[in-house]
Amino acid sequence: MKKIKNVLLVDDHPLILEGYKRTLEQLGLENNIDFKIEVALNCDQAHTIIKKYAGTREPLHLAFLDIKLPPSRDGLILSGEDLGLKIKEILPETKVLISTTFNSPYRIHNIMANLDPMALLIKSDLTPNELFQVVSNVMRSIPSYTKTVLQIIRKTASSNIILDEIDRKLLYELSMGTMTKDIPDILNLSIGGIERRKRQLKNKFNLESSRNTDKELILMAKEKGFI
């Protein structure tokens, strides 16, 4: 008798959805599993399906979430990351696989910290064989990441520099060209607090705060894999 596994696929790109379906079909044939698949193209559709499972005893075994999605009509769910947080809250046993086109260390660190997904996939890394291996691992509760994610994890793990969330956000905003005078509205810090943070960051990266510019700080942070 076949095992039944319920799966939610959330993506607004038909080719990605077809790739997931083919992978699950192959995996099902090899492991005697009948995957019951539901598809959502936006946050509203996905949220409706998630709430349906929350209202029953039937488990949602796997959820594939794209990060960049059309937001919900009420503006409360803006992305696949928000959907992942909903799943963690109301369906904590569901194994979440995140796929995204974003490949900056800052975004990868945030996704890992906020969601701790069972798998994190950079779309540009994916091949059919790699997707099959990732899903196979997740079915066995083995965390799995594509090569870009692994490179970022290894690079920062090998560093003895420890940054908190505010440090990372400050570096990210500086790297995006945000003016220092505008950062207090984003980080809830005073101008003095921001300048103090920048000096501390330069010290952490072995840059003389009085002689090195913000540009050099950003370049060093990128080299170390933090942005």
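In this predicted model, phenylalanine 64 counts as buried because its relative accessibility is 1%. Tyrosine 20, at 3% relative accessibility, likewise counts as buried. A search of the whole structure finds two aromatic pairs, and tyrosine 20 and phenylalanine 64 form one of them, with a tilted arrangement in which the ring centres lie 4.8 Å apart and the planes meet at 45°. This pair links distant parts of the chain: tyrosine 20 belongs to helix 1 (residues 14-31) and phenylalanine 64 to strand 3 (residues 62-66), a separation of 44 residues.

Phenylalanine 205 and phenylalanine 226 also form an aromatic pair, here edge-to-face, with 5.9 Å from centre to centre and 70° between the planes. Distant parts of the chain are again linked, as phenylalanine 205 lies in the loop between helix 9 (191-204) and helix 10 (214-223), while phenylalanine 226 lies in the segment after helix 10, 21 residues apart. Both phenylalanine 205 and phenylalanine 226 are buried.

A further ring, that of phenylalanine 102, has the charged end of arginine 107 sitting over it, 4.2 Å from the ring centre.

Aspartate 125 is located in the loop between strand 5 (119-122) and helix 5 (128-139). Although buried, aspartate 125 has no salt bridge; lysine 147, the nearest side chain of opposite charge, is 4.8 Å away. The side chain of aspartate 125 instead makes a polar contact of 2.9 Å with the side chain of threonine 148. With residues up to four places away in sequence left out, aspartate 125 touches Glu130, Thr146, Lys147 and Thr148.

Definitions and conventions. Residues are numbered from 1 along each chain as its sequence is written. This is a predicted model: local features need pLDDT of at least 70, side-chain atom pairs count only at pLDDT 80 or more; totals for chains, interfaces and linings use all residues. Side-chain values use heavy atoms; hydrogens and water are left out. Rings of Phe, Tyr and Trp (its six-membered ring) pair if their centres lie within 6.5 Å; planes under 30 degrees apart count as stacked, over 60 as edge-to-face and the rest as tilted. Helices (H or I, at least four residues) and strands (E, at least two) are DSSP runs, numbered from the N terminus. Buried means under 20% relative accessible area, exposed over 50%, partly exposed in between (1.4 Å probe, protein chains only). A charge sits over a ring if NZ of Lys or CZ of Arg is within 6 Å of the ring centre and within 35 degrees of the ring normal. Lys and Arg count as positive and Asp and Glu as negative; His and the chain ends are not counted. A salt bridge is a side-chain nitrogen of Lys or Arg within 4 Å of a carboxyl oxygen of Asp or Glu. A polar contact is a pair of N or O atoms within 3.5 Å; within protein, one must be able to donate a hydrogen and the other to accept it, and residues adjacent in sequence count only if both atoms are side-chain atoms. Contact means heavy atoms within 4.5 Å.
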